[in-house]
Amino acid sequence: MKNKISALLLGTASLLAFAGIAHADDKVIKIGSLSDQSGLYADVGGPGSTLAAQLAVEDSGLLNKGWKIEVISGDHQNKPDIGSNIARQWFDVDKVDVVVDTPNSGVALAVSNIIKEKNGVFLNSGAGSSDLTNAQCTPNTIHWTYDTYMLAHGTGAALTKAGGDSWFFLTADYAFGAALERDTTSAVVAGGGKVIGGVKHPLNTSDFSSFLLQAQASKAKVIGLANAGGDTSNAIKQAAEFGIISGGQKMAGLLMFITDVHAIGLPVAQGLNFTETFYWDANDQTRAFSKRFQDRMRNKQVPTMSQAGVYSALIHYFKTLEALGGNPHDGAKIVAKMKELPTNDPLFGKGSIQPNGRKIHPAYLFEVKKPAESKGPWDYYKLVATIPAEEAFTPLDKSTCPLLKK
């Protein structure tokens with residue numbers, strides 16, 4: 001009997017040891033690209049973000065080393081409850097390891113909590129709220145591409161310094177808009193300016209006339225658009241129709257993507273200033289990637305900074321898993337290792353990830369070219385200023401992330 005028990009214990013130990021080895025050598029990854037697939041942010045993320053994830057898989061080199069990697073996509077429809085339900089199913093049923101993209105800060109903040117609960121990995125490139133790495137940071141989330149602090153201290157600070165010292169906000173009525181208005185107000189006041197009013201509008205608004213008339217009547221030098229995607233495009237187009245821009249007030253697209261400029265057109269968009277962290281025509285590497293991306297996009301658009309961020313974040317994620325020797329399916333462990341390793345990829349260059357999960361890299365203040373200055377399709381930007389990485393995002397000593405208090 002004693003020998004049987006010993007043999008049983010030995011067999012159990014051998015199985016556990018084998019299981020441990022198999023777990024350490026696990027080379028299976030499942031990626032969920034969670035986005036707005038058909039609404040006002042579809043061009044910003046959507047199918048393009050899924051393509052960016054697929055390109056990252058191809059460029060990782062892991063497929064040739066025996067790894068099995070799958071990319072799936074979901075449509076959160078800009079609704080936090082739908083996004084949360086998709087995330088739960090992905091982790092509980094579909095065995096997803098990492099969620100990418102997720103434009104819409106309300107959705108992203110909700111999904112971030114689900115991913116923490118499930119101990120997955122959240123590589124956010126689409127949502128902007130700086131709360132993701134401040135008050136609502138988690139050990140499972142990395143905020144990759146941009147945030148409201150960067151936008152505010154890029155565009156907001158620059159326009160205030162240039163004489164735009166009175167502001168009126170048109171703000172999308174959800175988490176992103178509130179965060180962007182808050183962070184931009186802080187930058188404007190710090191620069192000696194003042195906010196003289198504002199109005200909130202519903203997400204995905206087609207008629208901005210009443211909001212724009214209030215902004216026009218305020219006589220503010222700058223009308224700050226704390227919105228994104230189709231809302232920003234519609235507001236700028238209608239502002240031009242009302243003669244607001246020609247009347248001397250400055251429109252500040254606090255978050256704009258190249259797809260917005262394309263939709264508006266250079267005759268209306270010319271002269272707009274905004275801040276981004278990626279431009280397809282920045283250098284040979286960004287041009288090469290963008291050519292591959294454009295060739296495979298059904299609508300032939302170039303990548304936005306959010307889509308570029310999906311690619312960049314996954315490249316670093318893959319390097320981290322390779323350094324770990326396999327996929328431990330332990331999100332907090334993977335994210336901790338990602339923070340240890342320096343980042344370096346063709347689209348964003350060298351960078352690092354702060355303890356609060358904020359990925360830092362330079363940001364760029366751009367101005368939209370005049371039609372006569374553009375040399376061809378998608379040649380829309382000229383560089384005004386480069387904001388160093390250490391200045392572009394919330395300083396660690398000002399971050400409210402609870403992880404920093406441990």
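This report walks through the aromatic contacts of a predicted model.

## Aromatic pairs at a glance

Let's begin with the rings. The model contains 15 aromatic pairs. One of them joins Phe274 and Tyr381 in an edge-to-face arrangement, with 5.1 Å from centre to centre and 75° between the planes. That angle earns the edge-to-face label because it is over 60 degrees.

Where do the two partners sit? Phe274 belongs to strand E10 (residues 273-276), while Tyr381 belongs to strand E15 (residues 381-387), so this pair ties together parts that are 107 residues apart in sequence. Phe274 is buried, at a relative accessible area of 0%. Tyr381 is also counted as buried, at 4% relative accessibility.

## A tilted pair

Trp378 and Tyr380 make another aromatic pair, this one tilted. Their centres are 5.8 Å apart, and the planes meet at 45°. The angle is neither under 30 nor over 60 degrees, so the pair counts as tilted.

Are these residues buried or exposed? Trp378 is buried, with 7% relative accessible area, and Tyr380 counts as buried at 10% relative accessibility. Both values are under 20%, which means that they meet the cut-off for buried.

## The cluster around Phe274 and Tyr381

Phe274 and Tyr381 turn up again in a wider group: together with Tyr279, Trp280, Tyr364 and Phe366, they form one aromatic cluster.

## A charge over a ring

Finally, here is a contact between a charge and a ring. Arg358 places its charged end over the ring of Phe393, at 4.1 Å from the ring centre.

Conventions: Residues are numbered from 1 along each chain as its sequence is written. This is a predicted model: local features need pLDDT of at least 70, side-chain atom pairs count only at pLDDT 80 or more; totals for chains, interfaces and linings use all residues. Side-chain values use heavy atoms; hydrogens and water are left out. Rings of Phe, Tyr and Trp (its six-membered ring) pair if their centres lie within 6.5 Å; planes under 30 degrees apart count as stacked, over 60 as edge-to-face and the rest as tilted. Helices (H or I, at least four residues) and strands (E, at least two) are DSSP runs, numbered from the N terminus. Buried means under 20% relative accessible area, exposed over 50%, partly exposed in between (1.4 Å probe, protein chains only). A charge sits over a ring if NZ of Lys or CZ of Arg is within 6 Å of the ring centre and within 35 degrees of the ring normal.
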